[in-house]
Amino acid sequence: MIIIIKAFLIFITTLLGTIYILPKLMHIASTFFVTKEESPDIKYSLMDSPDNKRKVHDIPKPLVGGIGMLIVVSLSSILFVPPEDLNLRGYYSAVIILGITGVLDDFKELHHNWKFVMQILAVAIMLHYSDTALISLGNLLTFGSINIGIFAIAPVTIFCTVGVVNAINMIDGLDGLAGGIALVSFIAFAFLAYHNQQMNMLLLSISLCGAVIGFLRYNWYPSKLFMGDAGSFFLGFSLAFLAIYITQKHDSLVPPVAALLVLTVPIVDTLTVMVRRLIRGKNPFSADKNHLHHILLQYGLSVKSAVIVILCLCAGFSLLGIVGTLCKVPEYYLFFVFFSFFILYYITTYYAHKN
């Protein structure tokens, strides 16, 4: 009963707190920062101006959604999540570092090398203070559990966490898309954390759900603001942290492949786009219009319809991950679904883009 009350209170706190703080931050951004349209030579701004290339919005919008969510989630978690849970120290420290990095990148675009350094630093802090590492990939190939050697733990955890952070960052291309994907995933992780009896992870997931819903109040099409890199870094890292923490617990009831299914859409979309860029001899982090949401728009879907289609796809894979966990479906069957989707996605989006 106590956990239900805490869950309700932390959800309401983050929801109302985010709804309250975001208009204040929007006002600050629009009042104190000019746009590139007003001053073409401007180098520092928290207003995102349209560029008539990749961006689909046509008026400048504040990049403050991530700042607001990070502030509210941090404060609410301090209030409702037991402070004796030292494993969360690394999480809070890491998201603050990533939040600051994201704000600086929104304010004045940073070189991608600097962003990678800060992301790696954040994961290193998580590894050290939260004792959260990717130790096992589970039984993906029917040969038994794939355990990562002690010397490979840090590199693999860093690679996977940074990968998820950048997957959310790269898919953040339409109003409500990245926030909606994060919301669906946090709901799924809340169920999985409850199933695993990890109540603090349940509370953290619900806290993040409240903040994202409050953010979507202003980011759903037509949006009034964006989350910026501060938001995509924060949400991406939170998703990676929950995925690892929930599945790597000793005697965990949640297999790693369940978390992989929850994050299937952003992971597969990002891998596909990056592989194609490498094949073409381009920088894998260069900007283009080859993401799923771009293809859906090219085929005539509206922004809102494209977002809803992608969110339904995310919800389907998340539900599969939950049901597969509850029904104890063999991990290699679930991984086969993921791998089959990746191949099908790569082929269909390739021909869709060519046409």
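How do the residues of the lining of the second largest pocket divide into nonpolar, polar and charged? The answer is taken up under the first heading below, and the helices and loops around α8 follow. The structure is a predicted model, and everything described here should be read with that in mind.

## The second largest pocket

The residues that line the second largest pocket divide into 29 nonpolar and 6 polar, with no charged residue among them. The lining is made up of 35 residues in total, and those that lie nearest the centre of the pocket are Phe 159, Cys 160, Val 164, Leu 260 and Ile 267. The space inside this pocket comes to about 910 Å³.

Several helices share in the lining, since α4 (112–129), α5 (153–171), α8, α9 (256–262), α10 (264–279) and α13 (331–354) each supply at least two of its residues. Of these contributions, that of α5 is the most, with 11 residues.

## Helix α8 and its partners

Helix α8, which spans residues 228–247, packs against helix α7, residues 199–219, at an angle of about 155°, and the two axes are 11 Å apart. Because an angle over 145 degrees counts as roughly antiparallel, α7 and α8 are described as roughly antiparallel to each other. Their crossing is left-handed. On the α7 side the contact is made by Met 201, Leu 204, Ser 205, Leu 208 and Val 212, while on the α8 side it is made by Phe 234, Leu 235, Ser 238, Phe 241, Leu 242, Tyr 245 and Ile 246. Sorted by class, this contact of α7 with α8 has 10 nonpolar and 2 polar residues, and no charged ones.

Helix α2, residues 65–80, meets α8 in another way: the axes of α2 and α8 come within 7 Å and cross at roughly 45°, and α2 and α8 are therefore oblique to each other. Here α2 offers Gly 66, Ile 67, Met 69, Leu 70 and Val 73, and α8 offers Ala 230, Gly 231, Phe 234 and Leu 235. The contact of α2 with α8 has 7 nonpolar and 2 polar residues, again with no charged residue. Phe 234 and Leu 235 of α8 are thus named in the contact with α7 and also in the contact with α2.

## Helices α6 and α7

Helix α6, residues 177–195, packs with α7 at an angle of about 160°, and their axes are 8 Å apart, so that α6 and α7 are roughly antiparallel to each other. The crossing of α6 and α7 is left-handed. Among the residues that meet are Gly 179, Gly 180, Leu 183 and Phe 186 in α6, and Met 199, Met 201, Leu 202 and Ser 205 in α7. By class, the residues of this contact divide into 17 nonpolar, 3 polar and no charged.

## Two unusual backbone angles

Most residues other than glycine have a negative phi, and most peptide bonds are trans. In the loop between α7 and α8 lies Pro 222, and the peptide bond that runs from Tyr 221 to Pro 222 is cis, with omega near -10°.

A second case is Thr 142, which is found in the loop between α4 and α5. The phi of Thr 142 is near 70°, a positive value in a residue other than glycine.

Technical notes
Residues are numbered from 1 along each chain as its sequence is written. This is a predicted model: local features need pLDDT of at least 70, side-chain atom pairs count only at pLDDT 80 or more; totals for chains, interfaces and linings use all residues. Side-chain values use heavy atoms; hydrogens and water are left out. Axes are lines fitted to C-alpha atoms, for helices over the stretch in contact, and angles run from 0 to 180 degrees between N-to-C directions. Helices (H or I, at least four residues) and strands (E, at least two) are DSSP runs, numbered from the N terminus. Angles under 35 degrees count as roughly parallel, over 145 as roughly antiparallel, 65 to 115 as roughly perpendicular and the rest as oblique. A crossing is left-handed if the near helix is turned anticlockwise from the far one by less than a right angle, and right-handed if clockwise. Contact means heavy atoms within 4.5 Å. Ala, Val, Leu, Ile, Met, Phe, Trp, Tyr, Cys and Pro count as nonpolar, Asp, Glu, Lys and Arg as charged, and the others, Gly among them, as polar. On a 1 Å grid over the protein atoms alone, a cavity is a set of points where a 1.4 Å probe fits but cannot get out, and a pocket is an open set with protein on both sides within 12 Å along at least five of seven lines; lining residues have an atom within 4 Å of a point. Grid points are joined across faces, edges and corners, and a volume is the space filled by probe spheres set on the points.
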